Amino acid sequence: MKIGVIGTGYVGLVTAVCLSDLGHAVQGTDIDADKIDKANQGISHIYEPGLEELLKKNLKSGNLSFSHDLHQTIQDSNVLFVCVNTPQREDGSADMCYVEGTSRSIAENLNTYKLIVEKSTVPIQTSMWIKRTISLYKKGDADFDVASNPEFLREGSAVYDFMNPDRVIIGAESDRARDILVKIYKKYSDKILVTNIDTAELIKHASNSFLAMKISYINLMSELCDKTDANVELVAKGMGLDPRIGPLFLRAGLGYGGSCFPKDVRALIKIGEDLGVDLTLLKEVDRINRDRIQSFIQKIKKALWIIKDKKIAVLGLAFKPETDDLRNAPSIYLIEALQKEEAVLRLYDPEALDNMKSVFPEQSPSLLYTDNPYDAVRDANATLIVTEWEEFKNLDLDKIKTLMANPIIIDGRNVFDPEDVKKLGFEYYSVGRK
Ligand code: UGA
């Protein structure tokens, strides 16, 4: 069996590398020549723990290759994983033009039977459109199937997640398609759930929206905690002890970001609108999440009164730790808001500095990047914690205190123990706790 992976972004590259590590012959392809050139040299264009090592290993073993030639990859493969991006359009819906374009390319190169597997997150009923597109444009009479196999990888632990799945969802219509996917994932046979395609597509959107809902819910509770003596961490702990609720994804803070939750919640709202189902519940999830930034700005104002001309250190830019990804990162919205208030910013992140420089170019003296956290806090009137990198948990706080103009920490991720930091002489604000 030869597997082609179309699109080598986050999902595609991890999928190609991990499938090859399971022993399959895999070829990845992408319209971005630079990604392919790098991959062929064993260089991952994304920061993802463990990925580059596996990439090198499987290139060397000959299981894995990358090609600029989409047409050749399609012709040479029996199974095609479609991992192209589905960006958000202005109305919140997913832009399916890359999936449609890929379907036409597959149609034009359908030389033998092929199983086309949707891996990108797509709206329910996308498979029907892929099938229709291929049928409309195909030239020969080779047969094909479409199946859905949504990914549940988290950035920062994508390789681990692929190799240790909670579930492998296979949405298939024919026995042939189902059998091929079951064979590909035979190592995880006890984790496989076979459904029809609509169900598989919906499982993905329903899961991400539910997780986003948990986060917005605890953030809403944190607002109540901020106004009372309740402690949101203990509220979350107490709730999480109920196995029906579970302890995960109840960390209050600056809200969820990334390339998935914000986009997927909005896409599901739009799918509901198109199908005549009222998903106001999810509109609230999105609104609560967007409100996190203003709520944090209010905390900064509570500490500094006027933000204009105040020197503010921002520690953490990536949308979460262990990634350099800035897509929908709360830091971006926060920095925009702070720039409007004319703050003087010093920004630091262990991995995302270079990416951030293309979002906010350096502008002396109002916005500068530092290559360590201590330079960022020098002479600062306040330090903001925006991403909960392990590095920040181990900061030398005594040193930070002597470097800062005013020892004020406003922690958007509840990284420190309030008692500890206050004992060291800091004024400390966090989320949903005193
Ligand atoms: C998410 C899902 O967790 C994956 O299962 C899914 O495959 C992926 O989206 C996708 O659709 O591709 P990811 O976006 O990489 O993965 O990151 P998460 O670890 O889920 O975190 C998402 C956001 O929620 C982050 O901004 C994080 O800081 C925030 N979060 C998470 C909280 O604010 N509180 C929590 O308790 C947990």
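A salt bridge is taken here as a side-chain nitrogen of Lys or Arg within 4 Å of a carboxyl oxygen of Asp or Glu. In the predicted model, Asp-325 and Arg-327 form such a pair, with their closest N and O atoms 2.9 Å apart. The two partners differ in their exposure to solvent: Asp-325 counts as buried because its relative accessibility is 6%, whereas Arg-327, at 39%, counts as partly exposed. Salt bridges with shared partners also join Asp-91, Lys-270 and Asp-274 into one network. In total, the structure holds 29 salt bridges.

Within this network, the pair formed by Asp-274 and Lys-270 has its closest N and O atoms 2.9 Å apart. Both residues belong to helix H11, which spans residues 261-275, and they are separated by 4 residues, about one turn of the helix. Asp-274 is exposed, with a relative accessibility of 55%. Lys-270, by contrast, is buried at 15%, a value that falls under the 20% limit for that class.

A further salt bridge connects Lys-308 with Glu-342, and here the closest N and O atoms are 3.9 Å apart. Lys-308 is located in the loop between H12 and strand S9 (311-315), while Glu-342 is located in the loop between H13 and S10, so the pair ties together parts of the chain that are 34 residues apart in sequence. Lys-308 is partly exposed at 41% relative accessibility, and Glu-342 is likewise partly exposed at 43%.

Glu-342 also has an unusual backbone feature to report: its phi is near 65°, a positive value in a residue other than glycine. The loop that holds Glu-342 runs between helix H13 (330-340) and strand S10 (344-348). A positive phi, near 50°, is also found at Asn-414, again a residue other than glycine. Asn-414 is placed in the loop between strand S13 (408-411) and helix H18 (418-423). With a relative accessibility of 10%, Asn-414 counts as buried, whereas Glu-342 counts as partly exposed at 43%. Another backbone feature concerns the peptide bond joining Ser-364 and Pro-365, which is cis, with omega about 0°. Pro-365 is part of the loop between helix H14 (353-359) and strand S11 (367-369).

At the level of domains, the assignment divides the protein into domain 1 (2-195), domain 2 (204-290) and domain 3 (292-429). The contact between domain 2 and domain 3 draws on 18 residues of domain 2 and 15 residues of domain 3. The C-alpha centres of these two domains are 24 Å apart. About 1,400 Å² of area is buried between them, and carbon and sulfur atoms account for 46% of this area.

Between domain 2 and domain 3, 3 salt bridges are counted. Arg-292 and Glu-223 have side chains that meet in a salt bridge, at 3.1 Å from N to O. The count of residue pairs in polar contact between the two domains is 10. On the side of domain 2 that touches domain 3, at least two residues come from each of helix H9 (197-226), helix H10 (232-240) and helix H12 (280-304). H9 makes the greatest contribution to this side, supplying 4 residues. By residue class, this side of domain 2 comprises 5 nonpolar, 8 polar and 5 charged residues.

Helix H9 also contains Ala-206, which is partly exposed at 37% relative accessibility. Ala-206 is 69 residues from Tyr-137 in sequence, and the C-alpha atoms of the two residues are 32 Å apart in space.

Thr-29 is a buried position, with a relative accessibility of 1%. Thr-29 lies in strand S2, which covers residues 25-29. A polar atom of the Thr-29 side chain is positioned 3.0 Å from the backbone oxygen of Ser-67. When residues up to four places away in sequence are left out, the residues that Thr-29 touches include Val-5, Ile-6, Gly-7 and Thr-8. Also among the residues touched by Thr-29 are Ile-36, Ser-67, His-68, Asp-69, Leu-70 and Thr-73.

Definitions and conventions:
Residues numbered from 1 in each chain as written. Predicted model: local features only at pLDDT ≥ 70, side-chain atom pairs only at ≥ 80, totals over all residues. Heavy atoms only, no water. Buried < 20%, exposed > 50% of the residue type's maximum accessible area, 1.4 Å probe, protein only. Domains from an automatic or database assignment. Contact = heavy atoms within 4.5 Å. Buried area = accessible area lost by both parts, 1.4 Å probe. Polar contact = N/O pair within 3.5 Å; in protein donor to acceptor, adjacent residues only side chain to side chain. Nonpolar A, V, L, I, M, F, W, Y, C, P; charged D, E, K, R; others polar.
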